[in-house]
Amino acid sequence: MIGTDASIHYKAFGLKIKSMIPLPELKVSEDGNELHEVVITEADLNKIWLSKTKDNGRFFVEGSTIMFRIRDTATFLVKDGHKIIVSPMPSADPNKIRLYILGTCIGVILMQRKIFTLHGSAIDIYGKAYAFVGHSGAGKSTLASAFINRGFNMLSDDVIPVSMSKNGVFYVNPTYPQQKLWEESLLNFEMDSINYKPLFERENKFAIPVQSNYCNRSLPLAGVFEIIKTKEENVSIMPVVDLERFRLLFNQTFRQSLISRLGLLEWHFSESARIIKQISMYQIYRPSTSFTAPELVEKILKKISEGESLDAD
């Protein structure tokens, strides 16, 4: 067991969280008497899992309940946009368990609560949130790190919660002050991996604290940049137009394969239509064989400046 008898109270992802399992990555809430939107507990889920899945099953969806099992780690149950139950396996790595709690589990919670969630990194650029999305290995966190090196602040890494305010504006809620970077990216930034903790044992992806460059307040979402690796030698940035904007938001939604299984296709389309009206959208084409993050920062800042000038006109 990795939890404790006493629950700890946190604020992250725009949610108030009560957890039996310590989550040191998150900010502790000073007011433990608040009503909590998410409760994380430990329990034995083996009987439930066996009754709901086949012997080789790894994922189960039924109504508002999602269960999944990670080999040698834990079985997880997420329900009603409110509950996360964790059943750790013997000798499981607590770091890996927390990785799935703060990733897939929270991502499902947000989806169940109908909070639009993108997969990528979000950066505070001149008081507005810009999301950098893309498929695994596209360079989302690396690009975010290049912005951090330039003095900009991060709102989120991996999971980007986007919620609508009462006045109809979409905001990105901050998550927690940590990045996940591959060892190759550390080398490109001349950062020694010996100074950082691997996300879990024998992993060459590292947890990078960013407390000094972290934005802990919600900011309006102003733009989405999709990163695409190409065989071309040069970097280019192109606007996304028409129905391609819907495609981009759908494909870059966190755990988008669950949208249909949770009966959220209509909701997702209607939220996408609202978001598209408020933001700029671009595709970044970068060479797959070279380190271009610093160059991309310059081009993105220029593109944002040009967009704001057009808005002013």
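**Exercise 1. Decide whether Ser 91 is buried or exposed, and place the residue in the fold.**

Solution. At a relative accessibility of 81%, Ser 91 counts as exposed, because the cut-off for that class is over 50%. Turning from accessibility to position, this predicted model puts Ser 91 in the loop between E8 and H2. The backbone adds a further detail, since Ser 91 has a positive phi of about 65° although it is not a glycine. Most residues other than glycine have a negative phi.

**Exercise 2. State which accessibility class Asp 80 belongs to, and what its phi is.**

Solution. Begin with the location: Asp 80 lies in the loop that runs between strand E7 (74–79) and strand E8 (83–88). Its relative accessible area is 45%, so Asp 80 is partly exposed. The last step is the backbone, where phi of Asp 80 is near 60°, a positive value in a residue other than glycine.

**Exercise 3. Describe the overall build of the chain, and explain why it can be called as compact as a globular protein of its length.**

Solution. First take the secondary structure, which consists of eight helices and 18 strands. The radius of gyration of the chain is 20 Å, close to the 20 Å that the globule rule gives for 313 residues, and the chain is therefore as compact as a globular protein of that length. Along the principal axes, the C-alpha atoms fill a box of roughly 60 × 45 × 40 Å.

Next consider how the residues are packed: 50% of the 313 residues count as buried, and, among contacts between residues at least 6 apart in sequence, 64% join residues at least 24 apart. Finally, look at the surface and the charges. The accessible surface comes to about 15,600 Å², with 49% of it belonging to carbon and sulfur atoms, while the chain carries 37 positive and 35 negative side chains, whose two centres lie 5 Å apart.

**Exercise 4. Find how many disulfides the structure holds, and classify Cys 105 and Cys 215 by accessibility.**

Solution. A disulfide is a covalent bond between the sulfur atoms of two cysteines. The structure holds zero disulfides. As for accessibility, Cys 105 counts as buried at 0% relative accessibility, and Cys 215 is also buried, with a relative accessible area of 5%.

**Exercise 5. For Met 67 and Ile 125, give the strand, the accessibility class and the contacts beyond four places in sequence.**

Solution. Met 67 is found in strand E6, which covers residues 65–70, and it is buried, with a relative accessible area of 1%. When residues up to four places away in sequence are not counted, Met 67 touches Leu 45, Ile 48, Trp 49, Arg 58, Phe 59, Phe 60, Thr 75, Phe 76 and Leu 77. For a distance that can be checked in the coordinates, Met 67 and Met 20 are 47 residues apart in sequence and 19 Å apart in space, C-alpha to C-alpha.

Ile 125 has its place in strand E9, residues 116–125, and counts as buried at 0% relative accessibility. With neighbours within four places left aside, its contacts are Tyr 130, Phe 132, Phe 147, Phe 152, Leu 301 and Ile 304. The C-alpha atoms of Ile 125 and Ile 70, which are 55 residues apart along the chain, are separated by 37 Å.

**Exercise 6. Determine whether Asn 95 and Asn 173 are buried or partly exposed, and list what each contacts.**

Solution. Asn 95 has its place in helix H2 (residues 94–112). Its relative accessibility is 22%, so Asn 95 counts as partly exposed; the cut-off that matters here is 20%, because buried means under that value. Leaving aside neighbours within four places in sequence, Asn 95 is in contact with Lys 197 and Leu 199. Its C-alpha atom is separated by 37 Å from that of Ser 270, 175 residues apart along the chain.

Asn 173 is found in the loop between strand E12 (170–172) and strand E13 (178–182), and at 9% relative accessibility this loop residue counts as buried. Under the restriction to partners beyond four places in sequence, Asn 173 is in contact with Phe 13, Gly 14, Pro 161, Ser 163 and Ser 218. As a closing distance, the C-alpha atoms of Asn 173 and Ile 300, 127 residues apart along the chain, are separated by 22 Å.

Technical notes:
Residues are numbered from 1 along each chain as its sequence is written. This is a predicted model: local features need pLDDT of at least 70, side-chain atom pairs count only at pLDDT 80 or more; totals for chains, interfaces and linings use all residues. Side-chain values use heavy atoms; hydrogens and water are left out. Helices (H or I, at least four residues) and strands (E, at least two) are DSSP runs, numbered from the N terminus. The radius of gyration is taken over C-alpha atoms; the globule rule is 2.2 Å times the number of residues to the power 0.38. Buried means under 20% relative accessible area, exposed over 50%, partly exposed in between (1.4 Å probe, protein chains only). Contact means heavy atoms within 4.5 Å. Accessible areas come from the Shrake-Rupley method with a 1.4 Å probe; for residues, only the protein chains shown count as cover. Lys and Arg count as positive and Asp and Glu as negative; His and the chain ends are not counted. The place of a charge is taken as NZ of Lys, CZ of Arg, CG of Asp or CD of Glu. A disulfide is a pair of cysteine sulfur atoms within 2.5 Å.
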